[in-house]
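This report covers chain A, one of its helix pairs, and the contact with chain B. Please read it beside the sequence and the model.

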Amino acid sequence: MLDDFFLRALVAGVGLALTTGPLGCFVVWRRMAYFGDTMAHSALLGVALSLLMSFNLLLSVFAVAATVSILLLLLQKRGTLSTDALLGILSHATLAIGLVIVSFMTWVRIDLVGFLFGDILAVSRADVDLVWGGGILVLFAIVWMWRPLIASTVNPELAEAEGLQPERARLAFMLLMALVIAISMKIVGILLITSLLIIPAATARRFSTSPEVMAVLASLIGALAVIGGLFGSLKFDTPSGPSIVVAALGLFILSLLTRPRTGGAEHPAASQKGPA
Amino acid sequence: MMLQTPTKTIPPLVSLAGVGVRRQGRWLVRGVEFSIAPGEIVTLIGPNGSGKSTTAKAAIGVLKADEGRVERKAGLKVGYVPQKLAVDWTMPLTVDRLMTLTAPLKGAEIDAALEATGIRHLARAEVQHLSGGEFQRALLARAIARKPDLLVLDEPVQGVDFSGEIALYDLIKTIRNTTGCGILLISHDLHVVMAETDTVICLNGHVCCRGTPETVSQSPEYLRLFGARAGQTLAFYNHHHDHTHLPDGRVLHADGSITSDCRPDDGHHGDILPSGGKAGPMRIVHTSGPNCACGHDHGPAPAASEGERRDA
């Protein structure tokens with residue numbers, strides 16, 4: 001059934017979007033968009049190291065992304081530089097080191113553009129299995145840790161005081177991010193992974209009444225963007241990864257045109273301000 | 001008045017012995033000792049940066065103590081209202097959903113907690129749309145809904161208007177009386193706290209003084225820390241009278257004269273409060289000695305009967 005390259009791309013892309021939906025919600029809620037970018041950029045270093053040491057690509061990317069996130073945690077605790085400066089350093093340093101290592105390896109022919117922007121139309125049957133297997137694992141972990149994840153997103157100290165373990169939730173979240181980046185690299189590429197995390201979640205926000213609804217909606221909107229982007233790419237002969245992102249952006253803009261859900265409708269003094 | 005030791009036979013919910021917390025080479029707080037028994041209200045007061053929140057966090061294990069010992073009852077269930085909590089507007093979170101943030105609850109338990117804090121009509125509102133006072137009530141509702149053994153409230157009435165403040169303190173008292181939970185309250189709001197609390201601990205990087213509200217308000221350390229005006233203000237707030245008992249036991253009269261004792265014709269209770277003054281659900285805290293002859297009723301007398309203020 002999965003002989004057709006286009007069908008494989010659709011199945012893999014939808015599988016990935018279902019996974020990035022809930023994870024992307026946490027990226028948005030925790031204001032970690034740039035953090036996601038940094039982890040994604042470090043994937044290229046993972047690719048380079050994998051080629052250099054003939055090591056499994058997926059494991060290598062996962063290991064580097066996870067290492068970078070833990071490194072960031074440690075640097076944050078030292079508190080000498082602001083988080084965005086640290087992210088800027090790590091993000092571009094890992095990307096640059098990856099590029100430099102690749103340029104040294106004259107003996108390997110590497111499709112750099114494929115890694116940076118993805119090549120979803122080239123996914124194999126094994127890739128599809130990987131995306132769905134990894135995706136189900138990630139979703140299962142998120143559901144299992146849902147309450148500690150949500151509680152520590154709202155307030156880690158509150159979560160800690162009431163017996164949930166926010167540090168563990170945070171670490172698990174980072175590892176899940178690293179895993180998703182590793183499995184999605186081939187589909188949307190290193191430079192566009194975070195858009196598939198953030199844009200569907202941001203689109204879902206306007207129609208959501210609870211974190212749970214938002215997570216599910218983000219998955220569905222992401223899947224819709226993948227389908228729309230892939231068909232668009234086929235019709236207009238455009239690169240598939242960027243086309244998916246453009247489709248996601250289109251859905252986001254559409255959502256802006258609809259009337260916002262008024263969460264505080266019963267509350268006459270509703271304002272845009274958050275609680276002080 | 002003697003220091004209350006009502007429940008010393010029951011093991012405390014939490015006890016701190018010589019606790020200190022150190023950050024970046026600086027002691028935020030040091031040498032803290034106290035324990036909270038079931039049904040006891042302990043209030044931490046002190047200026048900004050005196051280590052109130054740090055002490056509370058060490059007590060419930062959010063911060064690790066760098067010295068000393070913190071012992072908590074096994075399986076202690078904590079309800080916590082942090083000093084600062086901002087929910088990012090990107091997270092759709094209704095008051096209802098906030099209730100089950102850290103543990104599942106039955107619908108009836110949620111309703112009861114919202115009812116008690118007077119925000120049941122806001123159950124479906126998003127927390128980002130609440131006013132500061134409404135949000136504080138929602139946080140308090142969340143903390144009490146889970147029926148904790150120990151309720152830790154870090155400035156729970158911030159942003160709450162005056163009548164709401166009275167209602168919330170009344171509610172806190174009611175919670176203690178009905179559930180028998182211990183309460184650790186952090187406040188800079190001396191005059192109201194003074195009324196319901198069993199033990200006041202005044203912090204300033206260390207325990208500066210402690211005891212019943214009465215003893216603390218008279219202690220020289222307290223007066224040095226907050227200035228003599230704090231004592232005066234306290235007296236003003238607690239006596240809506242034509243004269244004021246100074247912390248040192250002397251009496252300041254409306255005409256500005258100071259005598260060592262009340263005059264025989266005192267007792268005319270003026271209705272006018274000093275500007276900025278407010279009344280609260282407090283019993284009269286007398287800052288003079290036990291032999292005052294001014295003729296006032298000095299006995300414990302809560303200003304409002306329980307249960308009638310929740311509509312505020």
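The overall form of chain A comes first, then a helix pair, then the contact between chains.

This is a predicted model, in which local features need pLDDT of at least 70 and side-chain atom pairs count only at pLDDT 80 or more, while totals for chains, interfaces and linings use all residues. Residues are numbered from 1 along each chain as its sequence is written, and chains are lettered from A and ligands numbered from 1 in the order in which they are written.

Chain A has 12 helices and 0 strands (DSSP runs, H or I of at least four residues for helices and E of at least two for strands, numbered from the N terminus). Along the principal axes, its C-alpha atoms fill a box of roughly 65 × 50 × 30 Å. Of its 276 residues, 48% count as buried (20 or more other C-beta atoms within 10 Å of the residue's own, with C-beta atoms placed from the backbone).

Helices α2(A) and α9(A) have axes that come within 10 Å and cross at roughly 50 degrees. They are therefore oblique to each other (angles outside these classes: under 35 degrees, roughly parallel; over 145, roughly antiparallel; 65 to 115, roughly perpendicular). The residues in contact (C-beta atoms, placed from the backbone, within 7 Å) are as follows.

| Helix | Range | Contact residues |
|---|---|---|
| α2(A) | residues 33-52 | Gly36(A), Met39(A), Ala40(A), Ala43(A) |
| α9(A) | residues 166-188 | Met177(A), Ala178(A), Ile181(A), Met185(A) |

The contact between the chains takes 31 residues from chain A and 33 residues from chain B. On the chain B side, α1 (52-60), β5 (78-81) and α4 (132-145) each supply at least two residues.

Key:
Two residues are in contact if their C-beta atoms, placed from the backbone, lie within 7 Å. Axes are lines fitted to C-alpha atoms, for helices over the stretch in contact, and angles run from 0 to 180 degrees between N-to-C directions. A residue is buried if 20 or more other C-beta atoms lie within 10 Å of its own, exposed if 12 or fewer, and partly exposed in between; C-beta atoms are placed from the backbone.
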